[in-house]
Amino acid sequence: DGEVYMCGSGSKGQLGTGNNADALTPVALDVSESAKMACCGGDANHPFTLVLTAAGAVLSSGDAENGKLGIGSKWSKKNFSYIGKSYFGNNRVESISAGVDHSLALTTNSLVYQWGLITAEDRHGVIRTRVENTPKQLDHPSLEELVPQKIFAGHQYSVICGRSKPR
């Protein structure tokens, strides 16, 4: 837990430095809380960054296409913005993962939240693509017997690892 340093392209504000400038040497992020982890998402044209604080808060910066920042805005951010705790049901987030077009969060009480461009099968077996501008709890019958422990957001897919619920 502690500080986060970033360097590289800042083209969409993904470095959270308040501008779109590149950082050729590592720059400390100006985050008011101690950081637990950070992850980079998007692609070369639509990059974004997530930071998880030691207190369980999630911040985002960069390109907001398809709701990737999770803050309810379609406007990109050059500074880190907090994703409201109420979007996570006021639960403490313990891990995050950033994909190309979506992100995931896992709370301490084993709930998974997702936001961004989501392609998934609904409860009726219909595959749908939708944009979620803020985190929504992932709720599907296939997960009812799983206690999620790890999450991974990929290009257009998600991986949730866990253990079976005790019977």
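Visitor: What makes glutamate 132 count as buried or exposed?

Guide: Glutamate 132 has a relative accessible area of 14%, and since buried means under 20% relative accessible area, exposed over 50% and partly exposed in between (1.4 Å probe, protein chains only), glutamate 132 is called buried. The model is a predicted one, in which local features need pLDDT of at least 70 and side-chain atom pairs count only at pLDDT 80 or more, while totals for chains, interfaces and linings use all residues. Residues are numbered from 1 along each chain as its sequence is written, and side-chain values use heavy atoms, with hydrogens and water left out.

Visitor: Why is the pairing of lysine 136 and glutamate 132 called a salt bridge?

Guide: The N to O distance between these side chains is 3.6 Å, and a salt bridge is defined as a side-chain nitrogen of Lys or Arg within 4 Å of a carboxyl oxygen of Asp or Glu, so the pair qualifies. Lysine 136, at 34% relative accessibility, counts as partly exposed.

Visitor: What makes Asp63, Glu65 and Lys68 a network?

Guide: Lysine 68 forms a salt bridge with aspartate 63, the closest N and O atoms being 3.7 Å apart, and lysine 68 also meets glutamate 65 in a salt bridge at 3.9 Å, N to O, which links Asp63, Glu65 and Lys68 in a network. Lysine 68 is buried at 0% relative accessibility and aspartate 63 is buried at 6%, whereas glutamate 65 is partly exposed at 31%. By the salt-bridge rule, the count comes to four.

Visitor: How do you know that cysteine 40 is not bonded to cysteine 39?

Guide: The sulfur of cysteine 40 is 7.2 Å from that of cysteine 39, its closest cysteine sulfur, and a disulfide is a pair of cysteine sulfur atoms within 2.5 Å, so the distance is too far for a bond. Cysteine 161 is in no disulfide either, its nearest cysteine sulfur, that of cysteine 39, being 16 Å away. A search of the whole structure finds zero disulfides. As for accessibility, cysteine 40 is exposed, with a relative accessible area of 62%, and cysteine 161 is partly exposed at 32%.

Visitor: What makes the phi of asparagine 66 worth pointing out?

Guide: Most residues other than glycine have a negative phi. Asparagine 66 has a phi near 55 degrees, a positive value in a residue other than glycine, and serine 110 likewise has a positive phi, near 65 degrees. Asparagine 66 lies in the loop between strand 5 (58-62) and strand 6 (77-83), where strands (E, at least two residues) are DSSP runs numbered from the N terminus, and serine 110 is in the loop between strand 8 (102-107) and strand 9 (112-121).

Visitor: Which residues touch the most other members of the largest nonpolar core?

Guide: In this core of 16 residues, they are Leu50, Val58, Phe88, Val93, Ile96 and Ala105; a nonpolar core is a set of buried Ala, Val, Leu, Ile, Met, Phe, Trp, Tyr and Cys residues joined through side-chain atoms within 4.5 Å. Strand 4 (48-53), strand 7 (93-98) and strand 9 are the elements that give two or more residues to this core. A second, separate core of ten residues includes Met6, Leu15, Val31 and Leu59.

Visitor: How do you know that threonine 53 is buried or exposed?

Guide: Threonine 53, found in strand 4, has a relative accessible area of 0% and is therefore buried. Leaving aside neighbours within four places in sequence, threonine 53 is in contact (heavy atoms within 4.5 Å) with Glu33, Ser34, Ala35, Lys36 and Leu59.

Conventions
Helices (H or I, at least four residues) and strands (E, at least two) are DSSP runs, numbered from the N terminus.
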